[in-house]
Amino acid sequence: MDEMPSADTARDDDEEPGGVPGEGEDDVLPTVATLHWYDHAEAAATARFTAVARRLPALIGQALRLAWRAGPADTITTIALNLLSGVFTALGLLATTGVLDALLAAGPTPDRIRAALPSLLLVGGAAVLRSMLSAAAGWAQARLTPRVQQRAEMELYEVTSRIDLASYDDSEFYEALMRAEGPGASAAEQVVSATIDIVTGMTSFAAAAIAITTLHPVLLPLLLVTALPEAWAAIRVARSRYLMMVETVGPRYHSVILGDLLSNRRYAADLRSYTLQDLLLAQYRRVAGVYRDAQLRLARRNTATRLAGDAGSGLAGGLVYLALGLLLAAAWLPLAVAGTAVLAIRTSRAALSQLIHAVNDCYEQGLYLTDYTTFLATARAHLPPPATAEVPDGLTSITVENVSFTYPGSDEPALRDVSLTLPAGQIMALVGENGSGKSTLAKLLAHLYTPGSGRIRWDGVDLAGTDAQAVRSRVAVIAQDHAHWPMTARANVVLGDEGDPGRLDRAAVSAGTDEVVAELPHGWDTMLDRRFKDSHELSGGQWQRIAVSRGFYRDAPLIICDEPSSNLDARAEHTLFEAIRRHMRGRTVVLITHRLANIRDADMIHVLEHGRITASGTHDELMAREGAYRELYLLQAAAYANAAGDTGGPVRPSLA
Ligand SMILES: Nc1ncnc2c1ncn2[C@@H]1O[C@H](COP(=O)(O)OP(=O)(O)OP(=O)(O)O)[C@@H](O)[C@H]1O
């Protein structure tokens, strides 16, 4: 195989001298990671025939099982109709001998035509029936394959939406998920299609073989002789198609990335602010040039392959016709049979070409399908185990007992031997520097992660043995990295739980979301995603208000607020903490914030450092002793004091 210049080193032939920024000799383009869609293309391109043949039966079995699960009736119909169509192919070929026999016999032409008529009707009838059966088989296949795809995706999403959250932190697992979701799931449909094509190709080939053997046994070896170069050529062409895909995937993907930078709205402002147009366009031209050169080189190679294949196939065809001629000359074969043999050979060649392409597709797509099935089997082991304990009805206290937790793939624990008690109806604040473990503890309390060691109990019941969904439905989480659901404003808050409008209004007022909604073009019914028509874009702070209302709206006894005010303006922040103080009474609240003035009223404040609780108490208690809390609080207060001093305004908050 020719060595393809990498995007790093290749230069565009059309490069203009002197020119554009980013086009210098030393300018190096990064190498693009391979796309999952092409992970197995190289394996398919270089697989040996024996490897393909060994895997094929298992793949066909897998495809048939998939097809059966998606639509048993359509599976049977497709296969049965294809087989029947093969029968009529064979019948048509056999009847052709009768036609030729009658036409080539001695006597006046009208008599010969009359004699050929019954066989002619048989040939015509067989052709019509074969076409109808093929069309019906195609229709059944068209009904079946989308269902296979849909079923494969549904099976995948049913698992991915339920597996434990920790799975997403395992990079290998996540990589496998991406492969299974992308090329893996769509391979299901393609493997089924390829399998049906294999059945169709084999049936047509078998029909031609049976017909030809019936005519004369010596013709079968002839058929195989002509088939061999055809098979060789088809395999070569399919292989070079895959190789072309493999060789051009890097620059192609790179040009897609650059194209995205040049046209996507997300980058439009930065692109203009930093006048990056020339730089990116120059890079695009270089990458596109590499892609174009690779395409040209491969097209040359493909042409050579095709020429060799066609020459081989033509030679074999010539040999077959020579053999037929010799058989005719030796009077071993009647002329009519020889004529039918030519037709049968043509039919078999077309069937063989279809068969080989289908086998190639089945093999390659089968590799992706294996990614999918392997992932599904692994992922099922990540589903939560069946519940062994009931979630208590009421909630009087939550206890955390010696909990430690390490994220998958991390060496350092995020939480170490944490213990605390949270009585129902109280506000508990978690404070600490970045990375100290506050959000991790909040996620464990929300039962999104299970402790590595230790226990979290609700009224004495260990959450590890309960139904995760049942616990989570009783927790409202206002997450730091809250989701921007592509839904209306209302749907973004109620999330499928349509309660009374008063509840929505109260939740909206608590976070100032009512002010945001009042300015939306369609109020609560405004779609909040630019990918939809008549939608509106929110600012970061407006989104945070929506997320806060979402948490307040949920009728949950435990509410966890992780940095709920990080993007809020001063007024909205004030409203929010007022709401937490006044309206959340009765609910159990876990509050994480870096703005310590907001948690002065918390019933209990825990200070985390490097995953451990190093101090606990009320604001006054913590301020009364040396430690991280007092230090951080004074730092913030001093900043306010300085600012207030600058403007001559009042000093807030008060220093202890
Ligand atoms: N998904 C994750 N996978 C691996 N490590 C993680 C993950 N999330 C957090 N960590 C690590 O766990 C530790 C605790 O992180 P955590 O998010 O709980 O800190 P935090 O106190 O909430 O920080 P911040 O104030 O910045 O939000 C950090 O060292 C962080 O790098």
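This report describes two sheets, a ligand site and two nonpolar cores in a predicted model.

Residues are numbered from 1 along each chain as its sequence is written. Because the model is predicted, local features need pLDDT of at least 70 and side-chain atom pairs count only at pLDDT 80 or more, while totals for chains, interfaces and linings use all residues.

**The four-stranded sheet**

Helices (H or I, at least four residues) and strands (E, at least two) are DSSP runs, numbered from the N terminus. Two strands pair if DSSP finds at least two bridges between them. An open sheet is formed by four strands in the order S2-S1-S4-S5, with antiparallel pairing. Strand S2 (415-423) and strand S5 (461-462) each have a single partner strand and stand at the edges, so one side of each is left without a neighbour in the sheet. Helix H10 (residues 438-445) packs on this sheet and touches S1, S2 and S4; contact requires C-beta atoms, placed from the backbone, within 7 Å. The direction of H10 makes about 125° with that of S1. Such angles run from 0 to 180 degrees between N-to-C directions, with axes fitted to C-alpha atoms, for helices over the stretch in contact.

**The six-stranded sheet**

Six strands form another open sheet, in the order S6-S7-S8-S3-S9-S10, and here the pairing is mixed. Its edges are strand S6 (475-478) and strand S10 (612-617), each with a single partner strand, so one side of each has no neighbour in the sheet. On average, neighbouring strands are turned by 15° against each other, direction ignored. H10 packs on this sheet as well, touching S3, strand S7 (558-562), strand S8 (588-592) and S9, and its direction makes about 155° with that of S8. Helix H15 (residues 540-553) lies across S6 and S7, at about 170° to S6.

The table lists three strand pairs from the two sheets.

| Strand pair | Sense | Bridges | One bridge pair |
|---|---|---|---|
| S1 and S4 | antiparallel | five | Thr-399 and Arg-457 |
| S3 and S9 | parallel | five | Met-428 and Met-604 |
| S9 and S10 | antiparallel | five | Leu-608 and Ile-613 |

The hairpin of S9 and S10 has two residues between the strands, and His-610 takes a positive phi near 50° there.

**The ligand site**

The residues around the ligand include Asp-169, Tyr-407, Asn-434, Lys-438, Ser-439 and Thr-440; a residue counts if its C-beta atom, placed from the backbone, lies within 6 Å of the molecule. H10 supplies the largest share of this shell, three residues. By class, the shell has two nonpolar, eight polar and two charged residues. In this scheme Ala, Val, Leu, Ile, Met, Phe, Trp, Tyr, Cys and Pro count as nonpolar, Asp, Glu, Lys and Arg as charged, and the others, Gly among them, as polar.

**The nonpolar cores**

A nonpolar core is a set of buried Ala, Val, Leu, Ile, Met, Phe, Trp, Tyr and Cys residues joined through C-beta atoms within 7 Å. A residue is buried if 20 or more other C-beta atoms lie within 10 Å of its own, exposed if 12 or fewer, and partly exposed in between. The largest core has 68 residues, and those with the most contacts inside it are Ala-188 and Ala-208. Helix H5 (171-215) is one of the elements that give two or more residues to this core, and H5 gives the most, with 19 residues. Among the residues that Ala-208 touches are Leu-93, Leu-223 and Ala-351. Apart from this core lies another, of 66 residues, including Trp-458, Phe-552, Ile-559 and Val-590.

Conventions:
Contact = placed C-beta atoms within 7 Å. Lists of a residue's contacts leave out its neighbours within four places in sequence.
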